[in-house]
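Please open the model in your viewer and keep the selection panel at hand. The stops below each begin with something to select, followed by what is found there.

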Amino acid sequence: MFDIKGYIFDLDGVIVDTARFHFLAWRETARELGFELTERDNERLKGVSRMESLEIILRLAGIHLDEERKWAFTEKKNTRYLEWVDTLRPSDTLPGIADFLRSLKEAHRPVALASASKNARRVISLLEIASLFDAVIDGSMIEKTKPDPEIFIKAAQALGIRASECVVFEDAQNGIEAAKAAEMTAVGVGSPEHLGEADLVIPDFSPSHIYLLKQRGIVR
Ligand code: BG6
Ligand code: MG
């Protein structure tokens, strides 16, 4: 039985489909290097930092770049990514998530955002959901990215809740691993194919899946 007091959400791919924008921006950037990034390879980029993502792509492509060119490629990718991000509207949140966040707020449950993205604050502000979080830990506040548990430990500390009493919602295998390493309950959002290590996997936050969370004792 879970004794959940704190709720921690990943952003990209859990609250909004920006995971798609990251993929499209990286695919275009990788093409400039003569490499075709597949959706399967892209799974490895989820939850890791911008620079680590480039390094994974370079390893897959067998390409070496000096630090200056690496920096230039990450800047290019981010410019492309932000062109999509800046089109975001409040109606772009994924099914059921905005209502779920509002219900947690109304019930006075502590809620944190834990995203490896340095653009996380910009995204939640465009979606007009920033006020629904009691704490935000973003990519500028961490040393190590997922699967290291640092980001979730920091989120739990910011909420003042013990790690073992937190649940993490994640769409990335790296994120599920990080939540488990932090000794938290992990709910995968997406397909069980990539999220096998999670305590429970739901496709989205529509009412029937929230019901499942309640039945499993993850949400009261
Ligand atoms: C994570 C994404 O949330 O943020 C990763 O899952 C991304 O794919 C990382 O690389 C860093 O994002 P940003 O916006 O700082 O480039
Ligand atoms: Mg994600």
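Begin by selecting Gly6 together with Cys166, since Cys166, in strand S4, is the bridge partner of Gly6. The model in front of you is a predicted one, and what follows should be read accordingly.

**The strands around S1**

Extend the selection to strand S1 (residues 6–9) and strand S4 (residues 166–170), which run parallel and are joined by four bridges. Then add strand S2 (residues 111–114), which is also parallel to S1 and is joined to S1 by three bridges; on this side Tyr7 stands opposite Val111 of S2. If you now show the side chains of S1, you will find Gly6 and Ile8 pointing one way and Tyr7 and Phe9 the other way, with all of them buried.

**The magnesium ion**

Next select ligand 2, the magnesium ion, and display Asp10, Asp12 and Asp171, which are its protein donors and lie 2.1 Å from the ion. Asp10 and Asp171 contribute through OD atoms, whereas Asp12 contributes through O. Along the sequence these donor residues follow the spacing D-x1-D-x158-D. Asp12 sits in the loop between S1 and helix H1 (18–32), while Asp171 sits in the loop between S4 and helix H8 (173–181), so this pair ties together parts that are 159 residues apart in sequence. Colouring by accessibility shows Asp12 as buried, at 12% relative accessibility, and Asp171 as buried too, with a relative accessible area of 9%.

Keep Asp10 on display and add Lys146, because the side chains of these two residues meet in a salt bridge with an N to O distance of 3.0 Å, within the 4 Å that the term allows. This pair links distant parts of the chain, with Lys146 in the loop between strand S3 (135–137) and H7 and Asp10 in the loop between S1 and H1, 136 residues apart. Both Lys146 and Asp10 are buried.

**Other salt bridges**

How many salt bridges does a search of the whole structure find? The search finds 18, and two further examples are worth selecting in turn.

For one of them, select Arg80 and Glu28, whose side chains meet in a salt bridge at 3.1 Å, N to O. Arg80 belongs to helix H4 (residues 67–85) and Glu28 to helix H1, and the pair, 52 residues apart, links distant parts of the chain. Arg80 counts as buried at 17% relative accessibility, while Glu28, at 35%, counts as partly exposed. Adding Glu32 and Lys76 to the selection completes a network of salt bridges that links Glu28, Glu32, Lys76 and Arg80.

For the other, move to Arg102 and Asp99, which form a salt bridge whose closest N and O atoms are 3.0 Å apart. Both of these residues lie in helix H5, three residues apart, or about one turn of the helix. Arg102 is partly exposed, with a relative accessible area of 40%, and Asp99 counts as exposed at 54%.

**The domains and the nonpolar cores**

Colour the chain by its domain assignment, which gives domain 1 (6–16 + 93–215) and domain 2 (19–85). The centres of the two domains, taken over C-alpha atoms, are separated by 24 Å, and 15 residues of domain 1 are in contact with 14 residues of domain 2.

Now select Phe9, Ile15, Phe100, Phe133, Phe169, Phe205 and Leu213, which touch the most other members of the largest nonpolar core, a set of 38 residues. Helix H5 (residues 97–106) supplies the largest share of this core, namely four residues. Domain 1 and domain 2 both give residues to the core, so it lies between them.

Centre the view on Phe205, which, leaving aside its neighbours within four places in sequence, is in contact with residues including Phe9, Val14, Pro95, Phe100, Phe169 and Ile210. Apart from this core lies another, of 22 residues, which you can locate by selecting Ile142, Phe152, Val168 and Met184 among its members.

**A last stop**

Finish at Arg162, in the loop between helix H7 (150–159) and S4. Arg162 is exposed, with a relative accessible area of 60%. A distance drawn from Arg162 to Glu32, C-alpha to C-alpha, spans 45 Å in space, and the two residues are 130 residues apart in sequence.

Terms used: Residues numbered from 1 in each chain as written. Chains lettered and ligands numbered in written order. Predicted model: local features only at pLDDT ≥ 70, side-chain atom pairs only at ≥ 80, totals over all residues. Heavy atoms only, no water. Core = buried A, V, L, I, M, F, W, Y, C linked by side-chain atoms within 4.5 Å. Buried < 20%, exposed > 50% of the residue type's maximum accessible area, 1.4 Å probe, protein only. Helix = DSSP H or I, 4+ residues; strand = E, 2+ residues; numbered from the N terminus. Domains from an automatic or database assignment. Contact = heavy atoms within 4.5 Å. Pairing = 2+ DSSP bridges. Donors = N, O, S within 2.8 Å, 3.2 Å for Na, K, Ca; no water.
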